Amino acid sequence: MNTSVISVRNLRKTFPAPSGGVLPVLDDVTFDLYEGEVIALLGKSGSGKSTLLRHVAGLLTPSGGTVHYRGKPVTGPNPGTAMLFQSFALMPWLTVQQNVELGLQARGVHAVERRGRALRAIDMVGLDGFENAYPKELSGGMRQRVGFARALVVEPDVLLMDEPFSALDVLTAQTLRNELLDLLAHPDSPTRTALLVTHSIEEAVQLADRILVLDTDPGRVKAELRVALPHPRDRRDPGFEALVEDAYEALTGRRTGAASDAAAAQDPLRAAGPLPDVSVEALTGLLEFLDTRGGSTDLAALADALSYAVDDLMPLVEAAQLLGYAKLTANRLHLTVTGRGFARADILPRKHLFAAAALANVPLIATIRTLLLASAGGRLREPYLVGRLCGHVPEHAARRQLATAVTWGRYAELYEYDADDRVLLLPAEHRPANAA
Ligand SMILES: Nc1ncnc2c1ncn2[C@@H]1O[C@H](COP(=O)(O)OP(=O)(O)OP(=O)(O)O)[C@@H](O)[C@H]1O
């Protein structure tokens, strides 16, 4: 029978909101992590993935619900876990060995035993010979190996990882992922269970036995996908691709329901929806490429041809769909008539076409434009817009969405932006004559 190592029940977490009141971050999250299992937590930025991980580590107190480790309630730092971070979090003034020993020191392990265990962990992650090196002498990949050694040296029952590969180049990340799988699968390894936070769908499909997709605002589990593919997994395998598709759909599927529709109707910013963080140049490149391929191609071929990981391609595909420039059916992306018009237009007409598409399809841009036209002097302060968006999405998501809306709107010459004063302005020719 499967033994539950971590058991999360109806977990709820709120934080004080910057503007007063409370920010609900996790709501009614329930799942078990079983012995020998790797779960990946996938979710958009701000969906509470790191917050959930920190609850499992015992670093945060729930606002409601419980976390248990092997049947015992977690009420402080969880002794069965060790955490691996994206940023390596190494002490620059300590050698590799001293950095690895830190975790043991904190747990009161005697110096002689500490040394032996640290050397074994360093060996295990392939850093033999670098015991006395300082972090600055190491590459990013080697630093993250130190991070692994430091987490594994305490022989945690459960390894917790917060985007551990995202600061590494593609090849190093791939090597370390494979090595992580080897470490977890090694018969002598005391650590066989892991919880991984990631933004990368492919990473989740490659590493996890199960993927939990978190919804945003507040974070709750909206989908669970089982990954029953044998290791090593090949991203070109049709089963792998199908799971990437499923996870993508689970991640980006729009919420429906009368309640949210009614709320959306009351505030256009609520209906704004996520805005993919992509540049107009990259989007143009994608559409021009599609046009050269006869207007349609499958996603894997597109990713290959443009040297993108499928994950990195997704925001572009989302943007193209949002603007009405492309349609995704099954695995194929098709250029629409509008998309073809944009791809073939010259610079100036292209801007006009983009302005029309943005106003028609991107509620945030349309709303900014309407608010600017209605404002005294054709000006709007950026913090005001962030504040209004924050009523609907977490602050960092609001800032990111607004940054994209500013870039797109400026390109389309719908408005201008003064970075010094953080003010959005109507273009001079549309501003009221008496405005400064
Ligand atoms: N200590 C805190 N105080 C107040 N708000 C917080 C705190 N920690 C997290 N938050 C907020 O909780 C929300 C979720 O944050 P969290 O980092 O868990 O999300 P995430 O899904 O891991 O995001 P990302 O993918 O961008 O790292 C965010 O809006 C964040 O600003």
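Begin by selecting β14 and strand β16 (residues 423-425), which run antiparallel and are joined by three bridges; strands here are DSSP runs of E with at least two residues, helices are runs of H or I with at least four residues, and both are numbered from the N terminus. Two strands are said to pair if DSSP finds at least two bridges between them. Before going further, note that this is a predicted model, in which local features need pLDDT of at least 70 and side-chain atom pairs count only at pLDDT 80 or more, while totals for chains, interfaces and linings use all residues. Residues are numbered from 1 along each chain as its sequence is written.

Stay with β16 and pick out Leu424, which is the bridge partner of Leu380. Widening the selection shows an open sheet of three strands in the order β14-β16-β15, with antiparallel pairing. Its edge strands, each pairing on one side only, are β14 (379-381) and β15 (416-418), and from one strand to the next the twist averages 25 degrees. Now add helix α15 (residues 382-390), which lies across β14 and β16 and runs at about 60 degrees to β14; such angles run from 0 to 180 degrees between N-to-C directions, with axes being lines fitted to C-alpha atoms, for helices over the stretch in contact.

Move next to another open sheet, in which three strands follow the order β11-β13-β12 with antiparallel pairing. Here β11 (296-298) and β12 (326-329) are the edge strands, each pairing on one side only, and neighbouring strands are turned against each other by 20 degrees on average, direction ignored. Select β11 together with strand β13 (residues 332-335) to see an antiparallel pairing over three bridges, where Thr297 stands opposite Leu333 in β13. Helix α11 (residues 310-322) packs on this sheet and touches β12 and β13, its direction making about 120 degrees with that of β12; residues are in contact if their C-beta atoms, placed from the backbone, lie within 7 Å.

Turn then to strand β1 (residues 4-16), which pairs with β2 in the antiparallel sense over nine bridges, and in which Phe15 stands opposite Leu23 in β2. The hairpin of β1 and β2 has five residues between the strands, and Gly20 takes a positive phi near 90 degrees there. The pairing of β1 with strand β4 (residues 64-69) is also antiparallel, over five bridges, and the bridge partner of Ile6 in β4 is Tyr69.

From Phe15, go on to the ligand, which 15 residues surround, the closest being Phe15, Ser45, Ser50, Thr51 and Pro394; a residue is near a molecule if its C-beta atom, placed from the backbone, lies within 6 Å of it. Two or more residues of the shell come from each of β2 (22-34), α1 (49-56) and α16 (395-411), and the largest share, three residues, comes from α1.

Finish with helix α2 (residues 96-106) and helix α3 (residues 111-124), which pack at an angle of about 120 degrees with their axes 9 Å apart. That angle makes α2 oblique to α3, since angles under 35 degrees count as roughly parallel, over 145 as roughly antiparallel, 65 to 115 as roughly perpendicular and the rest as oblique. To view the contact, select Val96, Gln97, Val100, Glu101, Leu104 and Gln105 in α2, which meet Arg114, Arg117, Ala118, Ala121 and Ile122 in α3.

Note on methods: Two residues are in contact if their C-beta atoms, placed from the backbone, lie within 7 Å.
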